[in-house]
Amino acid sequence: MKILHFSDTHLGFSDLETLNDANINQREADFYDAFAQVVAKIKEIRPDYIIHTGDLFHRASPSNRAIAFALEQFKIINDLKIPFILIAGNHSTPRTNLSAPILQIFENFENVYVAYKQKYEKIEFADALFHALPHMNDETQALSQIELCEAALVEGKKNILMMHCSVGAHYLMAEFGEWVFPREKEEIFKKMDYVALGHWHGFGKVGKHENVYYSGSTERTSLNDKRNTKGFILLTLGGDTLFDAWHVEFCPIKIRPVIQKEIDAKEYENSLSLLDTSDTQDAIVEVRLVNLTPLQSIEIQNAEIKKLFPHAMNVSIKREFIHDGGTASYTDDVATLSLEEVFLEHLKEQSQESEFARLKEKTQELFAAYEETNDDTL
Ligand SMILES: [Mn+2]
């Protein structure tokens with residue numbers, strides 16, 4: 001049995017200010033391209049099942065373009081007659097009861113199965129049983145839902161658990177409303193043939209659990225995510241016993257590279273002459289301008305540095321100052337930070353540690369509520 005597992009496709013995410021030839025935000029187009037690459041692979045591989053573990057869309061109320069793109073791609077998948085099972089993540093779950101869950105638009109595809117009702121659902125086939133635990137806003141409900149899942153295990157079929165959460169505190173994304181799977185319930189993983197996770201944006205096996213995997217996202221929602229490898233998991237399950245002929249393969253897709261460069265302000269001219277820009281075509285370039293004095297920082301203009309990479313898609317500059325004490329401080333190019341990040345940074349500087357934790361949560365909650373109803377990128 002072959003199962004293709006992908007996740008966190010964040011359709012509708014946009015970033016930076018570059019438009020492509022079709023007048024679409026270039027980064028938004030990159031996310032559509034990543035999704036289409038996975039669909040192309042699905043056509044080629046023809047797995048027995050396809051699973052997506054959440055954050056299909058970046059927002060609970062995506063743009064018309066994101067919805068239109070998803071419907072077009074789902075039609076292609078649906079026509080392949082391969083069961084496609086999806087769960088809602090925190091990004092695609094409305095926080096209030098006022099808005100309807102977006103994933104319901106896929107209800108009418110005969111080969112697509114969506115779990116978004118903030119409760120446990122099982123999707124059963126002749127040889128496999130998919131246990132879907134979608135994102136739940138009310139964490140207190142999670143325990144009872146996990147218990148429903150435990151009770152629904154069927155021997156003689158492949159049992160696959162699908163969740164969108166952090167297993168332990170290690171896989172938190174610093175987002176509002178994320179769910180940490182209760183430690184005392186991790187025992188359930190052993191009873192599953194495979195545990196498919198979404199939420200964490202890097203591919204990887206989770207700690208000591210042999211069969212618990214994050215497929216990672218298909219693109220970067222933050223430039224702090226330096227991973228240049230994104231893709232999906234191709235899982236092979238064979239034999240009658242647990243872990244018999246069990247194999248996980250990570251299949252990379254091609255995404256826009258992030259390239260980091262350094263310019264030393266102490267030897268500015270020399271550093272510029274040594275700069276290799278040959279690998280920056282269409283890339284997102286991040287330049288660290290180090291050993292700056294305040295005077296130099298005024299003299300060296302961002303535009304001057306950006307000109308060095310005429311073929312890059314985007315260039316951001318991080319300035320690192322020399323201090324008397326020898327330790328450097330830095331400021332980011334504000335254009336690459338979200339308003340939320342800038343605001344949190346400001347709070348961190350201005351408030352006491354205990355206050356910060358409380359204010360941070362409140363801030364994330366308010367930004368999340370705002371993002372749900374407003375799309376500033378349009
Ligand atoms: Mn995500």
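**Group meeting: overall shape, cores and A369**

Okay, so a compact globule of 378 residues would have a radius of gyration near 21 Å, and our protein comes in at 23 Å, which agrees. That radius is taken over C-alpha atoms, and the globule rule is 2.2 Å times the number of residues to the power 0.38. Quick caveat: this is a predicted model, where local features need pLDDT of at least 70, side-chain atom pairs count only at pLDDT 80 or more, and totals for chains, interfaces and linings use all residues. Numbering runs from 1 along each chain as its sequence is written.

Along the principal axes, the C-alpha atoms fill a box of roughly 70 × 50 × 40 Å. We've got 8 helices and 18 strands, meaning DSSP runs numbered from the N terminus (helices H or I, at least four residues; strands E, at least two).

Now the inside. Of the 378 residues, 35% count as buried, which takes 20 or more other C-beta atoms within 10 Å of the residue's own; 12 or fewer is exposed, in between is partly exposed, and C-beta atoms are placed from the backbone. The largest nonpolar core (buried Ala, Val, Leu, Ile, Met, Phe, Trp, Tyr and Cys joined through C-beta atoms within 7 Å) has 68 residues, and A196 is one of those touching the most other members. Helix 1, residues 26-45, gives the most to this core, with 6 residues. Apart from it lies another core of 10 residues, including I263 and L292.

Last stop, A369, in helix 8 (residues 353-373). Buried or exposed? A369 is partly exposed, because 13 other C-beta atoms sit within 10 Å. And P94, 275 residues away in sequence, is 9.1 Å from A369, C-alpha to C-alpha.
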